[in-house]
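Q: Hi! Could you walk me through this one before I head back to the bench?

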Amino acid sequence: MLCAALLGWEPCAKADSKVVQPPPERAAWLRHLVRQDCGACHGLTLKGGLGSPLTPVALAGKPDDSLVATILNGRPAHRCRHGGRF
């Protein structure tokens, strides 16, 4: 799952079954960004707060294209704006 890979929980498997991992520096930056910025609304443990949980269980079954769009563009109707930081 794309979000899980970005958050550092587990590798992201592509359709061709190859595992894609970001370089260590990028993975560390993404983990920090998610925990600090996203944690403000989704809880510091990402289990929910003002925003919904961002755990692997909560994101399971969500369409990849929807997750990508939310990660890249935010959800303005829900005050979730990322400002192109990804």
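What follows is a short chat about the fold, helix 2 and the loop after it.

Q: First off, what kind of model is this, and how are residues numbered?
A: This is a predicted model, where local features need pLDDT of at least 70, side-chain atom pairs count only at pLDDT 80 or more, and totals for chains, interfaces and linings use all residues. Residues are numbered from 1 along each chain as its sequence is written, and side-chain values use heavy atoms, leaving out hydrogens and water.

Q: Thanks! What secondary structure does the protein chain have?
A: The protein chain has four helices and two strands, in the order α-β-β-α-α-α along the sequence. Helices (H or I, at least four residues) and strands (E, at least two) are DSSP runs, numbered from the N terminus.

Q: And how much of the chain is buried?
A: Of its 86 residues, 28% count as buried. Buried means under 20% relative accessible area, exposed over 50%, and partly exposed in between (1.4 Å probe, protein chains only).

Q: Which residues of helix 2 are buried?
A: They are Ala 27, Leu 30, Leu 33, Val 34, Cys 38, Gly 39 and His 42. Helix 2 covers residues 24-42.

Q: Where is the kink in helix 2 centred?
A: On Gln 36, with a kink of about 25°. The bend at a residue is the angle between axes fitted to the seven residues ending there and the seven starting there.

Q: Switching to cysteines: how many disulfides are there?
A: Zero in the whole structure, taking a disulfide as a pair of cysteine sulfur atoms within 2.5 Å. Cys 38 is buried at 13% relative accessible area, while Cys 41 is partly exposed at 34%.

Q: Back to His 42, then. What is it in contact with?
A: Leaving aside neighbours within four places in sequence, His 42 is in contact with Lys 47, Gly 48, Gly 49, Gly 51, Ser 52 and Leu 54. Contact means heavy atoms within 4.5 Å. His 42 has a relative accessible area of 12%, so it counts as buried.

Q: What comes after helix 2?
A: Gly 43, which has a positive phi, near 90°. Further on, Leu 46 sits in the loop between helix 2 and helix 3 (56-59).

Q: Is Leu 46 buried or exposed?
A: Leu 46 is buried, with a relative accessible area of 3%. Leu 46 also has a positive phi of about 65° although it is not a glycine. Most residues other than glycine have a negative phi.
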